[in-house]
Structure formats: C-alpha cells, structure tokens
Amino acid sequence: MKKVKVKLPQELIYPHPYILKSKIIEIDEGIKDGDEVLIINEKNKIIGTGFYNSSSYKTLRIHTYREFKELTYEEIKKRIEKAFLNRLLYFDRNESFRVVFSESDFLTGLIIDKFSDGFVFQINSLGMERKRDLIVKSLKELFNPLFIYEKSDGTGRKEEELPEFKKLHFGNLKNPYLIFTEGLYFLIDIEEGQKTGFFLDQKINRLKLGKYAKGKICLDLFSYTGGFTLHFLKEEAERVFVVEISEKAISLLKENIRINNFPEKKVKIIEGDVFEKIYEIENWKIKFDLIVNDPPSFTHKKRKKENALRAYKELHSKIFDILNKGGICATFSCTQAVGINDLIENLTGVQKNKEFLIHIKDFLFQSPCHPVSLYFPESFYLKGLVLLKE
Ligand SMILES: C[S@@+](CC[C@H](N)C(=O)[O-])C[C@H]1O[C@@H](n2cnc3c(N)ncnc32)[C@H](O)[C@@H]1O
C-alpha cells in the first residue's frame with residue numbers, strides 16, 4: 001500500500017475530505033493519479049484512505065477514515081446499499097430520490113439518483129472514474145434496475161481534468177423518461193437536462209409550498225421543467241406565471257402540464273432572463289399571492305459572493321414590489337457561498353427602503369436524500385426562506 005504524508009493544521013479524527021497539494025509533505029514513489037493511497041499525518045497516525053490526483057486542487061479525497069480500505073466491489077456495493085437503506089427512513093423504495101450523495105455517503109465524487117426503477121449516476125473524481133465498472137455492477141446486483149445511465153458532465157470533472165462522459169450502461173432508457181413523484185407525472189430529460197435531469201433536492205419543498213397555492217396567483221421564477229408550477233396547479237392555483245431561460249426546459253414544462261391534464265390556459269409561460277422579465281411583469285401591474293425564487297447558484301466561490309448578493313438584492317426588491325400584501329415568497333440559495341444568514345441580511349437590507357414588513361414564516365432545506373455531513377460542510381447547500389409580506 002502506497003502512503004502520502006500530510007501536515008494538517010489540526011490533529012482531527014475526521015478532517016475535511018479534500019486535502020490540498022500544499023499540505024502534502026511526503027509521497028511514496030510510484031504513486032499515480034487516480035490511485036488509492038493511505039494518508040498519514042506527521043506523527044505517522046493514519047488519517048484514512050483516499051484518491052490521489054496531482055492535477056486537481058483536491059489532490060487527496062478521503063473516502064475512508066482511520067484505516068486503509070480500498071473501494072472494492074464488495075465495499076462499493078455495501079456503501080451504496082447502506083445509503084439506500086438510510087433513505088428508506090424518509091422515502092418509499094419505489095420513489096425517486098438521491099441514493100448516493102458523494103462525501104455524505106463516503107463515496108467521494110459519486111452521485112447516484114434513482115428515478116422510479118432507473119438509475120442515473122455521475123462521477124466527479126478521477127479515483128471514482130476507475131471504479132465505474134464496479135458501480136454499474138453494484139447497481140445491477142442491488143436493484144435489478146430498468147436502466148443504468150451515466151451522466152458524467154458536472155463542473156467538478158473539469159477540476160479533475162476529466163472529459164464529459166455519457167453512456168447507457170445497461171437496459172433501456174426511453175428519453176425523456178416518465179416518472180410519477182409526489183402525486184405528479186414528470187417527463188425528465190436524463191440525457192440532456194440539467195444535473196441528472198431533475199432537481200430531487202426540492203422534493204419536499206414543492207409539497208410544502210404547494211399548500212399555499214389554492215386559488216392563488218403564483219409566479220415561478222427559474223422554473224426549470226415546472227417542479228413548483230406543477231404542484232401549484234395540483235393544489236388548484238388560479239393562475240401560474242412561469243419564467244425560465246432554457247428553451248428545452250420550457251418545452252418539457254409544457255409537456256408536463258399536458259400529461260397531468262392541467263388546463264393550459266391557467267399557465268403563462270415567459271421565456272427569457274428573469275432579470276429582464278421581472279421588470280416587464282412589473283409593468284403589467286399584476287400582483288402575485290405566491291412567488292418562488294429558485295435561481296441557479298450565482299457563484300460557488302466565496303470571493304464572488306458580493307456579486308451573488310447584489311443579484312439577490314435586485315431580485316428580492318422586485319419580488320416584494322410585485323407581491324400582494326399578505327402574499328408569500330419562498331426564496332432559495334443553492335450555493336454554499338450564500339448561507340441562510342446571508343439571505344436574511346439581504347432581505348433586511350431590502351425591507352429598509354420599503355413600506356411593508358417581511359416576516360420569516362418557515363425555513364426550508366434540501367430534501368433528506370441529500371444528507372448533510374458535518375465533516376463536509378459543502379454538503380449543506382440548499383436553503384430557503386418562506387416569507388410573508390405584511
Ligand atoms: C435551480 S434550477 C430551478 C429548479 C426548479 N425550481 C425545479 O423545481 O425543478 C434554476 C433554473 O434557472 C434557469 N435559469 C438560469 N439563469 C436564468 C435566468 N437568468 N433567467 C431565467 N432562468 C434562468 C435554469 O435554466 C434552471 O432551469
């Protein structure tokens with residue numbers, strides 16, 4: 001077994017799973033990128049086992065703490081099965097949910113989403129890339145799935161100098177693929193859609209916000225294929241206005257409305273940039289009772305946080321102008337760089353110049369199929385506030 005010696009600022013049992021190149025003080029001869037190595041500290045104490053990749057700033061990625069353990073077929077299968085069973089605390093086994101959430105499930109650089117009987121996985125680390133066949137074999141063995149599709153096109157791959165890779169490894173995939181989840185049909189574009197095709201992290205929040213929609217005039221900003229819109233329609237919203245920039249997402253949204261038999265005339269779809277369209281909407285003099293603001297992560301980088309906060313301020317200010325008094329707004333941040341306190345401060349700033357009060361009614365987080373691990377703070381990324389304009 002090959003060793004890498006590192007110097008960490010503190011002697012922790014569970015240090016952060018990414019160890020930067022600058023922390024490496026000794027490395028055994030012959031270690032190649034993608035190898036699994038034993039990681040020890042200056043005092044020769046074992047930190048754990050991880051993947052080595054000299055091309056990535058995440059030069060070491062720990063997958064096992066306190067011992068040397070390679071990710072063999074048996075080990076990968078065991079970890080996937082454990083992650084799956086953990087999800088059954090919250091979800092029925094036939095549902096669609098995230099089965100593996102990378103570091104939170106001790107499988108660094110691996111995401112597995114289950115859509116009904118089909119599985120979509122994404123590899124984001126060079127070490128995990130070497131385990132591809134074992135991942136496919138484990139999924140076949142554990143779940144006897146309808147299909148296994150790999151959609152390895154995440155931004156994390158660039159950091160590891162990995163090219164985009166997409167492949168149907170097993171079974172038949174009819175794309176777009178139809179799922180039934182939270183009482184609604186959704187067509188998801190697994191091959192070309194965003195992420196693995198569907199944002200499973202908002203599963204629970206869509207149900208929660210749907211509860212405010214009955215008889216209301218709603219606005220779904222950054223709608224993607226209509227996750228929130230469909231729930232508003234299911235709960236008998238009077239009208240739903242939708243803004244989304246992606247043409248492909250909009251065409252699936254239209255299909256999703258049709259296959260659920262919702263009246264088309266209840267929905268007004270506005271294709272374009274929210275930052276422009278929100279000014280047009282303001283000119284229409286319509287006021288909304290329920291607004292969802294679920295933008296993409298404006299930045300992943302702490303140093304670009306100011307830009308992201310400026311974007312939020314502009315959005316929040318406009319949203320509250322077009323929201324009825326007594327109306328509800330749910331606003332989300334899906335980047336770790338903008339935390340829940342940042343959202344609150346941002347709204348406090350917005351309210352200062354307005355003649356109304358904003359109350360926080362509820363706090364929303366990522367669905368429990370995206371568990372948060374305290375040794376890996378980045379795993380806590382999606383948070384939202386339900387706000388009342390008074
Ligand atoms: C986090 S996703 C929203 C997910 C959605 N709420 C759901 O429940 O599935 C963000 C969406 O914003 C869209 N988007 C990104 N920038 C945009 C912009 N400037 N104006 C409008 N839509 C935008 C993306 O295409 C993507 O569909």
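Me: Which side-chain atoms lie close to an oxygen atom of the ligand at Arg206, and at what distance?
Reply: Start with the term: a polar contact is a pair of N or O atoms within 3.5 Å; within protein, one must be able to donate a hydrogen and the other to accept it, and residues adjacent in sequence count only if both atoms are side-chain atoms. Here an N or O atom in the side chain of Arg206 is 2.9 Å from a ligand oxygen. For Glu244, a ligand oxygen and a side-chain N or O atom are 2.6 Å apart, and at Asp294 a nitrogen of the ligand is 2.7 Å from such a side-chain atom. Bear in mind that this is a predicted model, where local features need pLDDT of at least 70, side-chain atom pairs count only at pLDDT 80 or more, and totals for chains, interfaces and linings use all residues. Residues are numbered from 1 along each chain as its sequence is written, and side-chain values use heavy atoms, with hydrogens and water left out.

Me: How many residues surround the ligand?
Reply: A residue is near a molecule if one of its heavy atoms lies within 4 Å of it. The ligand has 17 residues around it, the closest being Gln194, Glu244, Asp273, Val274 and Asp294.

Me: Where are the domains in this chain?
Reply: Domain bounds come from an automatic or database domain assignment. They give domain 1 (3–65), domain 2 (73–173) and domain 3 (185–389).

Me: What area is buried between domain 1 and domain 2?
Reply: Buried area is the accessible area (1.4 Å probe) that two parts lose on being put together, summed over both. For this pair the value is about 1,300 Å², with 47% from carbon and sulfur atoms. On the domain 1 side, Phe51, Arg61 and His63 lose the most area to domain 2, together 37% of what that side buries. Counting contacts (heavy atoms within 4.5 Å), 17 residues of domain 1 meet 15 residues of domain 2.

Me: How many salt bridges cross that interface?
Reply: The rule asks for a side-chain nitrogen of Lys or Arg within 4 Å of a carboxyl oxygen of Asp or Glu. It finds five between domain 1 and domain 2. Polar contacts there join 12 residue pairs, both residues at pLDDT 80 or more.

Me: Which residues does a cis peptide bond join?
Reply: Look at omega: for the cis bond between Asn175 and Pro176 the angle is about -5 degrees.
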